[in-house]
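I opened this notebook to keep track of what I looked up, entry by entry. My interest was in how helices pack and how aromatic rings pair.

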Amino acid sequence: MAAAKRRPAKAGPAVDLRGEAVHWDFRKDMSYGDYLGLTTLLSAQKPLSGAHDEMLFLVIHQSSELWIKLCLHELTAAIRHIRADDLGPAFKMMARIARVQVQLIQSWEILSTMTPFDYASFRGSLGKSSGFQSFQYRMLEFRLGNKNAAMARVFAADKQVAAQVRAALTEPSVYDESLALLARRGFKIPKSRLQRDFSQPYAADRRVTAAWREVYRDAQTHWDLYELAEKLVDLEYRFHLWRFSHMKTVERIIGNKMGTGGTSGVNYLKKALGLTFYPELWEVRTEL
C-alpha cells in the first residue's frame, strides 16, 4: 500500500493591517531604535576571542550593569524621599529594586549553562578585568550600607568614576537615613550612629535594636516604619541571594581558581556572604 502523500502545511493567516495607522517612514521621525540607541547598544558586544560562549558572558555582564544602573537610580531617589519623610514613593522604589534583584539573581542561572571548558576557551582574553572592578556594583553596595573604603582604591585610575564611588562611600546610606528618620520620630537613636564618618562600616548598637523592637511590637502605631524595616530586610536578603548565586556559579565554572582581578575567587566570594548590612534588623528577630 503506497504511503499517503503529505500535504504541505498551510501558512497561517497574515496579520490584517487594514485600518491600522502604522507609521512606516522614519526618515524625519524618531524610531524605536533611535530612542533606545540600539545601534550603539547592540554594537557594544565585542568578543575578543572566537569562542562561541564569550557572547553569553558579555551579554550577561552588560545587561547586569544596566539593571544595576536602574537600582542606583531608584535607591538614590528612595534615600532622598526617606530624608524628606516621604515614605510612600520610597517604598515603591525599594520594591522595584527588589524585583530587579530577582532579574540579577536569575542571570547567574543563565550563565551557569556555560561549562568550565567553554569559559576556559576565552578566559585568557579577559586579562585582569573582573567584576570586582564594577564601579556601579560598588556604589550600590555603599548606598545600601556596606561601606569599605579599601574597595574604592581600584577605581583611582579614572578620576570621574573615582569621584562617583567616593560620593557613594562618604554619603549616608539608606540605613543611615532610616536611623535619622527614627530619631526624628522620637526614637532614642544614639548620636554616635547619627553623626559619624559615613565612609566607615556601620557598627551595631543595642539601643538601635531597642528602637526597632519598639516599632515591631507596635506595628499598627508605627506602620510606615515597620514597612520600611521590612523593605530594608528584603533588599539585604535578595542582595545575599545574589552573592550566593554568584559564588556557586563561579565555583561551578572555575572551581577554586584565582579570579581574573587577583582575588582568591570562590574563597573571596564566600567571605562576603558573612557580611550584614542592617545588623539590628536581624537581631530584633531573635528578640521578638
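The entries below take up a helix contact and then the aromatic rings.

**Entry on the model.** I am working with a predicted model, and I keep that in mind throughout.

**Entry on two helices.** I looked up how helix α3, residues 54-83, lies against helix α6, residues 135-144, and found that their axes come within 9 Å and cross at roughly 30°. Since angles under 35 degrees count as roughly parallel, I noted α3 and α6 as therefore roughly parallel to each other. The crossing of the two helices is left-handed. I then listed the residues that make the contact: α3 contributes E65, I68, K69, C71, L72, L75, T76 and I79, while α6 contributes Q136, Y137, M139, L140, R143 and L144. Sorted by character, the residues of this contact comprise nine nonpolar, two polar and three charged.

**Entry on aromatic rings.** I searched the whole structure for aromatic pairs and obtained 15. I looked up Y175 and Y278, whose ring centres are 4.8 Å apart and whose planes stand at 35°, so I recorded the pair as tilted. The two partners come from distant parts of the chain, 103 residues apart, with Y175 in helix α8 (residues 174-184) and Y278 in the loop between α12 (266-272) and α13 (279-287).

**Entry on burial.** Are these two tyrosines, Y175 and Y278, buried or exposed? I found Y175 buried at 1% relative accessibility, and Y278 buried with a relative accessible area of 0%.

**Entry on the cluster.** Finally, I noted that Y175 and Y278 belong to one aromatic cluster together with W108, Y137, Y202, W212, F239, W242 and F277. Y137 also appears among the α6 residues in the contact with α3.

Conventions
Residues numbered from 1 in each chain as written. Predicted model: local features only at pLDDT ≥ 70, side-chain atom pairs only at ≥ 80, totals over all residues. Heavy atoms only, no water. Axes fitted to C-alpha atoms, helices over the stretch in contact; angles between N-to-C directions. Helix = DSSP H or I, 4+ residues; strand = E, 2+ residues; numbered from the N terminus. Parallel < 35°, antiparallel > 145°, perpendicular 65-115°, else oblique. Left-handed = near helix turned anticlockwise from the far one by under 90°. Contact = heavy atoms within 4.5 Å. Nonpolar A, V, L, I, M, F, W, Y, C, P; charged D, E, K, R; others polar. Phe/Tyr/Trp six-rings, centres within 6.5 Å; stacked < 30°, edge-to-face > 60°. Buried < 20%, exposed > 50% of the residue type's maximum accessible area, 1.4 Å probe, protein only.
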